[in-house]
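Colleague: I am just starting out with protein models, and I would love a close look at one part of this one. Please go slowly, and explain each term as you use it.

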Amino acid sequence: MRLLRHLTGRYRTPVANRTLGLLLAFNAGGINAGGFLVVGMYTSHMTGIVSTVGDNLVLGNMALVLGALGTLWAFMSGAGSTAIMVNWARHQHLRSTFALPLLLEAVLMLLFGLMGAITLTWRTPFAVPLTVLLLAYLMGLQNAVITKMSSAEIRTTHMTGICTDIGIELGKALYWNRGGKPAREQVHVNHKRLRLFASLLSMFMAGGVVGAAGFKYVGFIWVVPLATVLLVLSLPPLAADFDRLGLAWRRRSSRGQ
């Protein structure tokens, strides 16, 4: 229980950040790849989404432009929701600062796993089904959580920056340091960062394989175990804040009367 509380609690350690980052990278890889099989697009790939807007504005395909804008809006809304919850929890001095958005992600994933097939038929003003917006919202929500937890050191829903950092460290490793230069002027690979980024990339890739297989052979319900893991991770800090959360709710209720 203590380990779970540290993984999603307010007070962060490098080990807790790395451990949670790896779990969330696996989760993001699974949702991203599995979602592609369902809706035909990667809902965490905002670079491609923004490019889709530009390309299809030129081509005159306004339906795709509208869908891409909706996906972009949903992703940013997820990130914004995390910012609101984290800052509110900080002002309330809660231990569950980062557990609140993870709880929301877990609940939405559970609903997606149980009702995902239905949301495919729910149309939206953005010319894409609700499933697309929900997946993009989840990716934005999660990416903002780990970004704020780790002070932007770790990202879990897209790998472009991760691959760039791996390439930088590999370039340092291959750099030839001429003899005679003092150690402080030599180029040194940061093995700790290289291991972290390689691990995140590996977990994202593994999650993608599992996610694609899960959606192909099991269907939407395969998301439920992933959601359960996030739920278990988020509950210990929330349980520790039960009294504070109850007090905050009563204060809000009294103001509304």
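Modeller: Happy to help; we will look at one helix and then at some aromatic rings.

First, the ground rules. This is a predicted model, in which local features need pLDDT of at least 70 and side-chain atom pairs count only at pLDDT 80 or more, while totals for chains, interfaces and linings use all residues. Residues are numbered from 1 along each chain as its sequence is written, and side-chain values use heavy atoms, with hydrogens and water left out.

Our helix is α7, which runs over residues 160–174. Helices here are DSSP runs of H or I with at least four residues, numbered from the N terminus. The expected span of a helix is 1.5 Å times one less than its number of residues. For the 15 residues of α7 that gives 21 Å, and the end C-alpha atoms are indeed 21 Å apart, so the two agree.

Now look at its sides. I162, I166 and E169 are buried in α7, where buried means under 20% relative accessible area, exposed means over 50% and partly exposed is in between (1.4 Å probe, protein chains only). These three cover an arc of only 65° around the axis, so they sit on the same side of α7; the arc is taken from the directions from the helix axis to the C-beta atoms. An α-helix has 3.6 residues a turn, so residues three or four places apart point the same way. The buried residues of α7 pack against α8 (191–217), with contact meaning heavy atoms within 4.5 Å. On the face turned away from the buried side, you will find the exposed residues T160 and L174.

Next come the rings. Rings of Phe, Tyr and Trp (its six-membered ring) pair if their centres lie within 6.5 Å; planes under 30 degrees apart are stacked, over 60 edge-to-face and the rest tilted. That rule gives six aromatic pairs. One of them is F36 with Y42, stacked because the ring centres are 4.5 Å apart and the planes lie at 15°. F36 is partly exposed at 33% relative accessible area, and Y42 is also partly exposed, at 39%. F215 and W222, by contrast, form an edge-to-face pair, with 5.8 Å between centres and 80° between planes. Both partners are buried: F215 has 9% relative accessibility and W222 has 10%. F215 and W222 also belong to one aromatic cluster with F112 and F220.

Terms used:
Helices (H or I, at least four residues) and strands (E, at least two) are DSSP runs, numbered from the N terminus.
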